[in-house]
Amino acid sequence: MALEHLNVPPDDHVKVLGGQGWVGLIDHLGSEATIVNAARVSFGKLKKEMDERDVKLLEYLIDNKHTSPLEHMVFTFSIHCPLFVRGQWHRHRTWSYNEISRRYTEIDMEFYTPVELRRQAENNRQASYSDPDFDGSALIREIRAHNEASLKLYEHLLESGVCREQARGVLPQNMMVTFWGTVDLSNLLHFLELRDSDHAQGEIREYATAIKKLIKPYIPNVAAYFARKGQAW
Ligand SMILES: Cc1cc2nc3c(=O)[nH]c(=O)nc-3n(C[C@H](O)[C@H](O)[C@H](O)COP(=O)(O)OP(=O)(O)OC[C@H]3O[C@@H](n4cnc5c(N)ncnc54)[C@H](O)[C@@H]3O)c2cc1C
């Protein structure tokens, strides 16, 4: 079997960060019918198609935080993002992660250069805003030069015989990494609530929005439920 490189997005993916990042759906387990079947498992009945009563049950489960039936539906994503986004993502402990190791390979090294620079909000350290009068183009060029200089130093260290595990310390937070993340639907909905939010950093929010697009065809009634509650789906 031919080996494909992990840095290539899967067929079903959404690009983010001006095309520099992406999130793709690798695999999934179960359906909305699996969720209602899990909720009714004590009756020993199994259904393959959803009907009106099942949709009502699904909504009841979400409304009442009866989350365990939702854990029977699972998604695996491949995520290509800057290190600083990965840092925020990996705080979500209910996901399982695996990532390319820079102790093994230096191929396909890539760095994120923002397309637009936002200003720091004055009254909230965790917030930023777009300012149409702020021309960041010269600063963006400086960021690109800094990324390139970091890569040069990294390569110089390797050529001088320094081991990969120490040399990687000079690589910036803008370095792109690729990892797989697997999560059940209940914890994914929690992630989406926190990360597709005004409180979340714009960059990780783009990934959360992209995930909604990827999973919506698999959970149409769940998506419709949240849309009715006023969430963007
Ligand atoms: C806008 C925003 C700003 C943030 N700012 C900061 C910051 O400044 N500094 C910082 O350190 N972090 C920050 N975080 C990270 C935040 O504190 C959480 O670590 C992160 O959002 C993961 O949330 P979670 O623990 O609910 O998710 P998960 O780890 O996926 O857990 C899901 C749920 O499982 C349960 N759970 C999981 N593990 C445990 C456990 N060990 N014990 C008990 N219950 C558990 C909890 O109910 C939890 O809500 C920020 C997050 C957001 C969204």
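Select helix H6, residues 185-195, in this predicted model. H6 lies across E3 and E7, and runs at about 125° to E7. Next, add helix H7, residues 202-215. H7 packs on the sheet and touches E1, strand E2 (21-29) and E3, with a direction at about 160° to that of E1.

Now show the strands under these helices. E3 (residues 74-82) and E7 (residues 176-184) run antiparallel and are joined by 9 bridges. Pick Ile-79 and find Phe-179 of E7 standing opposite.

Widen the selection to the whole sheet. The sheet is open, has 5 strands in the order E1-E2-E3-E7-E4, and pairs them antiparallel. At the edges are E1 (13-16) and E4 (96-99); each has a single partner strand, so one side of each has no neighbour in the sheet. Looking from one strand to the next, the twist averages 20°.

Move to helices H1 (residues 32-39) and H2 (residues 52-63). Their axes come within 10 Å and cross at roughly 75°; the two helices are therefore roughly perpendicular. To see the contact, select Glu-32, Ile-35, Val-36 and Ala-39 in H1, which meet Asp-54, Leu-57, Leu-58 and Leu-61 in H2. By class, this contact has 6 nonpolar and 2 charged residues, and no polar ones.

Stay on H2 and check the distance between its end C-alpha atoms: they are 16 Å apart, which agrees with the 16 Å that its 12 residues should span at 1.5 Å a residue. Just after H2, Lys-65 takes a positive phi of about 55°.

Finish at the ligand. Select Arg-91, His-92, Arg-93, Thr-94, Gln-126, Asn-187, His-190, Leu-194, His-199 and Ala-200, which surround the ligand. This shell has 6 polar, 2 charged and 2 nonpolar residues.

Notes: Residues are numbered from 1 along each chain as its sequence is written. This is a predicted model: local features need pLDDT of at least 70, side-chain atom pairs count only at pLDDT 80 or more; totals for chains, interfaces and linings use all residues. A residue is near a molecule or strand if its C-beta atom, placed from the backbone, lies within 6 Å of it. Ala, Val, Leu, Ile, Met, Phe, Trp, Tyr, Cys and Pro count as nonpolar, Asp, Glu, Lys and Arg as charged, and the others, Gly among them, as polar. Axes are lines fitted to C-alpha atoms, for helices over the stretch in contact, and angles run from 0 to 180 degrees between N-to-C directions. Helices (H or I, at least four residues) and strands (E, at least two) are DSSP runs, numbered from the N terminus. Angles under 35 degrees count as roughly parallel, over 145 as roughly antiparallel, 65 to 115 as roughly perpendicular and the rest as oblique. Two residues are in contact if their C-beta atoms, placed from the backbone, lie within 7 Å. The expected span of a helix is 1.5 Å times one less than its number of residues. Two strands pair if DSSP finds at least two bridges between them.
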